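Grab a pencil and work through these exercises with the structure on your screen. Try each task before you read its solution.

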Amino acid sequence: MNPPSRYRMITPSLTISEPLTDKSIRFLHDAGFRKVITLSGGFVSSEIVPVLKDFKMEVQHFPIDVRAPDAIKCGQITKVMAHLKSLLEKGSKVHFVCGPEMIEAACIVGLARVCHQRWNLSSALCEALEISRFVDAEVVTSTILNHDLFDRK
């Protein structure tokens, strides 16, 4: 039973990783995770789908194009954030699956830290950049700094 590649616990109810394998699904299941959200690059392969079904895990896909114009990107991210908030408020344990660069997951984590955990923007941005290993740092930075999910009072 192995954790997924680049697995990271954000909170006890929220984790992220690269794409799943059959062994990493067992790890997530045994840790109590039943909701899997795939982001761009984190598609669940055809051989993994039956394993997820066997473990009675629900998978939803949210495409996020971090290089899209701000209006489109913000709309996509807002949908993911609203869905995440709803799941967490219901007590679900949620795992995000992303592509190997982890850019989309980094953006979601950064925004979740600011919006839901009241982290300061610089700390959330630092963590997001670490998650993405500074790949497309400009995209991650602008996505987090320019999103309209939180009040800028």
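Contact here means heavy atoms within 4.5 Å. Helices (H or I, at least four residues) and strands (E, at least two) are DSSP runs, numbered from the N terminus. You're looking at a predicted model, in which local features need pLDDT of at least 70, side-chain atom pairs count only at pLDDT 80 or more, and totals for chains, interfaces and linings use all residues. Residues are numbered from 1 along each chain as its sequence is written, and side-chain values use heavy atoms, with hydrogens and water left out.

**Exercise 1. Find the buried residues of helix α5 and what covers them.**

Step 1: Go to residues 121–131, which form α5.
Step 2: Pick out the buried ones (under 20% relative accessible area; exposed is over 50%, partly exposed in between, with a 1.4 Å probe and protein chains only). You should get Ala 124, Leu 125, Glu 127, Ala 128, Leu 129 and Ile 131.
Step 3: Look at the cover, which includes strands β1 (8–11) and β2 (14–17) plus helices α4 (103–117) and α6 (137–145).
Step 4: Step past the end of α5 to Arg 133, whose phi is positive, near 55 degrees.

**Exercise 2. Work out which residues touch the most other members of the largest nonpolar core.**

Step 1: Know what you're hunting for: a nonpolar core is a set of buried Ala, Val, Leu, Ile, Met, Phe, Trp, Tyr and Cys residues joined through side-chain atoms within 4.5 Å.
Step 2: Among the 32 residues of the largest one, the winners are Ile 16, Leu 39, Phe 96 and Ile 108.
Step 3: Check who contributes: α4 gives the most to this core, with eight residues.
Step 4: Zoom in on Leu 39; skipping neighbours within four places in sequence, its contacts include Phe 62, Val 80, Phe 96 and Ile 108.

**Exercise 3. Is Lys 79 buried or exposed?**

Step 1: Locate Lys 79 in helix α3 (residues 70–89).
Step 2: Its relative accessibility is 59%, so Lys 79 counts as exposed.
Step 3: Now find Phe 62, 17 residues away along the chain; the two C-alpha atoms are separated by 8.3 Å.

**Exercise 4. How many disulfides does the structure hold?**

Step 1: A disulfide is a pair of cysteine sulfur atoms within 2.5 Å.
Step 2: The count is zero. For Cys 107, the nearest cysteine sulfur is that of Cys 98, 8.7 Å away.
Step 3: Cys 126 can't bond because its closest cysteine sulfur, in Cys 107, is 14 Å off, too far.
Step 4: Compare exposure: Cys 107 is buried at 1% relative accessibility, whereas Cys 126 is exposed at 53%.
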